[in-house]
Amino acid sequence: MRISVDRERCQGHSMCIVLAPDVYSVTDEGYNEQGDFDVAPGQEDRARRGAGACPERAITLAG
């Protein structure tokens with residue numbers, strides 16, 4: 001599974017990392033600036049939960 005983070009849409013709510021701290025990372029201000037990356041095997045469900053929690057829908061999942 002591949003994740004794409006739209007850094008311009010991220011508003012720093014940090015909900016992704018609250019639900020999936022082993023998948024996502026954020027800056028000290030709460031912004032996810034990861035861009036595009038692959039999810040480690042076995043982390044797909046957590047990645048989906050974290051993406052679904054983003055109020056700005058800044059995280060897109062593929063695959």
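Me: How many cavities of 30 Å³ or more does the structure hold?
Reply: There is one, on a 1 Å grid over the protein atoms alone, as a set of points where a 1.4 Å probe fits but cannot get out. This is a predicted model, with pLDDT of at least 70 needed for local features and 80 or more for side-chain atom pairs, while totals for chains, interfaces and linings use all residues. Residues are numbered from 1 along each chain as its sequence is written, and side-chain values use heavy atoms, without hydrogens and water.

Me: What volume does the largest cavity have, and which residues are closest to its centre?
Reply: Its volume is about 100 Å³, as the space filled by probe spheres set on grid points joined across faces, edges and corners. Of the 14 residues that line it (an atom within 4 Å of a point), Cys10, His13, Ser14, Cys16 and Cys54 are the closest to the centre.

Me: Switching to the largest nonpolar core, which residues have the most contacts inside it?
Reply: Ile3, Val5, Val23, Tyr24, Phe37, Ala47 and Ile59 do, in a core of 14 residues, meaning buried ones (under 20% relative accessible area, 1.4 Å probe, protein chains only) joined through side-chain atoms within 4.5 Å. Strand S1 (2-5) and helix H2 (44-52) each give two or more residues to this core, as DSSP runs of at least two residues for a strand and four for a helix.

Me: Which S1 side chains are buried?
Reply: Ile3 and Val5 are buried on one face, whereas Arg2 and Ser4 point to the other and are not buried.

Me: And what does Ile3 pair with in S2?
Reply: The bridge partner of Ile3 there is Phe37, and three bridges join S1 to S2 (residues 36-38) in antiparallel fashion, where pairing takes at least two DSSP bridges.

Conventions
Buried means under 20% relative accessible area, exposed over 50%, partly exposed in between (1.4 Å probe, protein chains only). On a 1 Å grid over the protein atoms alone, a cavity is a set of points where a 1.4 Å probe fits but cannot get out, and a pocket is an open set with protein on both sides within 12 Å along at least five of seven lines; lining residues have an atom within 4 Å of a point.
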